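User: I am new to this structure and would like to understand why its parts are labelled as they are. Could you take me through the reasoning behind each label?

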Amino acid sequence: MRMANTSNKFLRNLLNSLFDLLPILVVVLVFQLFVIQQPIDNVEDIIVGTLLIVLGLTLFIQGLEQGLFPIGETMAHSFARKGSVFWLLVFAFSLGFGTTVAEPALIAVADEAAEIAALGNMIEDTNNAREKYAFGLRISVALSVGFAIVIGVLRIIRGWPLHYLIITGYCGIMLMTIFAPDEIIGIAYDSGGVTTSTITVPLVTALGVGLASSIKGRNPMVDGFGLIAFASLTPMMFVMAYGMLI
Amino acid sequence: MQWLHAFAFTLLETCRDVLPIAGTIIGFQVLVIRKPLINPRKTLVGFVYVLLGIALFLKGLDMALFPIGDLMAKQLTDPEFIGINPALREVPWEAYLWVYVFAASIGFATTLAEPALIAVALKAQEISGGAIQALGLRLAVSIGVAVGISLGTFRIVSGLELYHFIIAGYIIVLIQTAFAPKLIIGLAYDSGGVTTSTVTVPLVTALGLGLASTVPGRNPLLDGFGLIAFASLFPIIAVLGYAQISEWKNRKKQKTANRKS
């Protein structure tokens, strides 16, 4: 009986994932057939790949509810019960810094940015100079995300209203845009989006919501969200600052 | 066999990416919290599911979606397909109509399949007690991304300044924040950051680079950027707008109900 239930649930989840993927298939097919009108090669690869995506998404969501969400919330509760703000902030920083510094999307963006900087004569056009620049950029983005989670967690503890902080951040970005070198602006704006990966987002969300629901006087809906928002805001500032300093 | 090799490689890569996160969690659990997990085996199995899931997902994207996405970006931005003379120095922006349509549709479709967004939407539905529907939120975000990316491609074609658009977007967000229901603000701001991860970023980057390197007068290194910024800004506007519209509708419904009684 139980077995049947689990496999039923799994099947339903599989169907859901297929449903999530359907729009992509429709877009690709419609454009290929009616607009581009060229034959698709490797149809086999596409079919196998699609099945893998569906299976992967299903497993991910299963693991999310069973592993990532619970651990994020349990840790939030334990920290709240322990009552040590210091350790909570250290944890928040390590989580932000650690998950970002190795993020593959960020590594790719940093390398591209170094290329632009070399072309724009901001740095010497040697491998060494470029690598140094890209590494510095990665570290500053990772620091900025660590800093963002710390501020976000502090905000949940203290109950500061989110929108004032975010609006201040936006104003800061607008001001910095005026002074930052033109070449860095596009990269800086993009860097806000690439820092938040598929594993970081559920963990950080669960942490925020868990904290907000275990601290008295906080509402998980009003106070629990917002950590990701900080993590996509501060990298823009730090990258522009990096561009201005170098 | 080769297929299995490639998958094992992707799995190893995923493990490497997860290592810092796992290290942080285990380190703090053992050294600072010093309490055993309530259900260690279930959690561990959950983690393994996440790892396997992401690895399969990435492998599938590599096999099915990314090559065809790349190819389509190239085909759609090809001067021959557009029907322009590549020697021209300026092209009318209308010539790229199909690119904007493609940008909007692929942005919408990939965002719906974005795992990080599904995660946040599920959490929001759970916490709001169903007042926020996961699918409704995902649709709002996807519409935001669609508009954002399509505007972003228009910007690359027209060569307008990126920061004008972004700052105008910020101003809209500021105004909406003043009027939107307080409950939704955190979630709306968050949705900007979660839209752009595994599926959307590589496809959108391919499109941006394809455009910037084929539109006359654009430099891929300077003009190829900015699409992700658009894709993270417009969902905020869309989610705030969605909340405002549903609040407005509710109020109207209440008014008519009050009048009737």
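Analyst: What follows is a set of questions and answers about a predicted model, in which each label is set against the rule behind it.

User: To begin with chain B, how many helices and strands does chain B have?

Analyst: Chain B has 11 helices and 0 strands, and from the N terminus on its elements run α-α-α-α-α-α-α-α-α-α-α. Its C-alpha atoms fill a box of roughly 70 × 70 × 30 Å along the principal axes, and of its 261 residues, 55% count as buried. The accessible surface of chain B comes to about 11,900 Å², with 66% of that area belonging to carbon and sulfur atoms.

User: What share of the contacts in chain B with a separation of 6 or more comes from residues 24 or more positions apart?

Analyst: Residues 24 or more positions apart account for 79% of those contacts. As for charge, chain B carries 20 positive and 14 negative side chains, and the centres of the two sets lie 18 Å apart.

User: What makes B:Arg138 and A:Asp20 a salt bridge?

Analyst: The rule asks for a side-chain nitrogen of Lys or Arg within 4 Å of a carboxyl oxygen of Asp or Glu. In this pair the closest N and O atoms are 2.7 Å apart, so the pair satisfies the cut-off of 4 Å. The bridge crosses between chains, from B:Arg138 in helix α6 (residues 134-158) of chain B to A:Asp20 in helix α1 of chain A. By the same kind of reasoning, B:Arg138 is called buried because its relative accessibility is 8%, and A:Asp20 is called buried because its value is 10%, the label being given under 20%.

User: Which residues are linked with A:Glu73 in a network of salt bridges?

Analyst: A:Glu73 is linked with B:Lys123 and B:Glu126 in that network. Between A:Glu73 and B:Lys123, the closest N and O atoms are 2.2 Å apart. This pair also crosses between chains, from A:Glu73 in helix α2 of chain A to B:Lys123 in helix α5 (residues 115-127) of chain B. B:Lys123 has a relative accessibility of 2%, and therefore counts as buried. Over all chains, the count comes to 7 salt bridges.

User: How do you know whether A:Asp125 and A:Arg130 are buried or exposed?

Analyst: The two are joined by a salt bridge whose closest N and O atoms are 3.0 Å apart, but their labels have to be judged one at a time. A:Asp125 stands at 51% relative accessibility, and so counts as exposed, since that label applies over 50%. A:Arg130 stands at 23%, and so counts as partly exposed, a label for values that fall between 20% and 50%.

User: Why is A:Thr205 called buried?

Analyst: A:Thr205 is called buried because its relative accessible area is 4%, and the label is given to values under 20%. The residue lies in helix α8 (residues 200-214) of chain A. Not counting residues up to four places away in sequence, A:Thr205 touches A:Phe225, A:Ile228, B:Val120 and B:Lys123.

User: What makes helix α7 of chain A mostly covered?

Analyst: Helix α7 (residues 182-194) is described in this way for chain A, with 11 of its 13 residues buried. Among them are A:Ile184, A:Tyr189, A:Asp190 and A:Val194.

User: Turning to the surface, which helix of chain A gives the most to the nonpolar patch?

Analyst: α1(A) gives the most, with 8 residues, while α1 (2-36) and α2 (43-82) of chain A each supply at least two. The patch has about 1,100 Å² of accessible area together, and its members include A:Phe19, A:Leu29, A:Val43 and A:Leu51. A:Leu29 lies in helix α1 of chain A and is called partly exposed because its relative accessible area is 46%. A patch member needs over 30%, so the 46% of A:Leu29 meets that requirement.

User: Which residues form the positive surface patch, and how do you know that B:Lys35 is partly exposed?

Analyst: The positive patch is formed by A:Arg81, A:Lys82, B:Arg34 and B:Lys35. B:Lys35 lies in the loop between α1 (2-33) and α2 (40-77) of chain B. Its relative accessible area is 43%, and B:Lys35 is therefore partly exposed, as this value falls between the cut-offs of 20% and 50%.

Definitions and conventions:
Residues numbered from 1 in each chain as written. Chains lettered and ligands numbered in written order. Predicted model: local features only at pLDDT ≥ 70, side-chain atom pairs only at ≥ 80, totals over all residues. Heavy atoms only, no water. Patch = residues over 30% accessible without salt bridge, like charges linked within 9 Å, V, L, I, M, F, W, Y side chains within 5 Å. Areas by Shrake-Rupley, 256 points an atom, 1.4 Å probe, with all protein chains shown as cover. Lys, Arg positive; Asp, Glu negative; His and termini not counted. Charge placed at Lys NZ, Arg CZ, Asp CG, Glu CD. Helix = DSSP H or I, 4+ residues; strand = E, 2+ residues; numbered from the N terminus. Buried < 20%, exposed > 50% of the residue type's maximum accessible area, 1.4 Å probe, protein only. Contact = heavy atoms within 4.5 Å.
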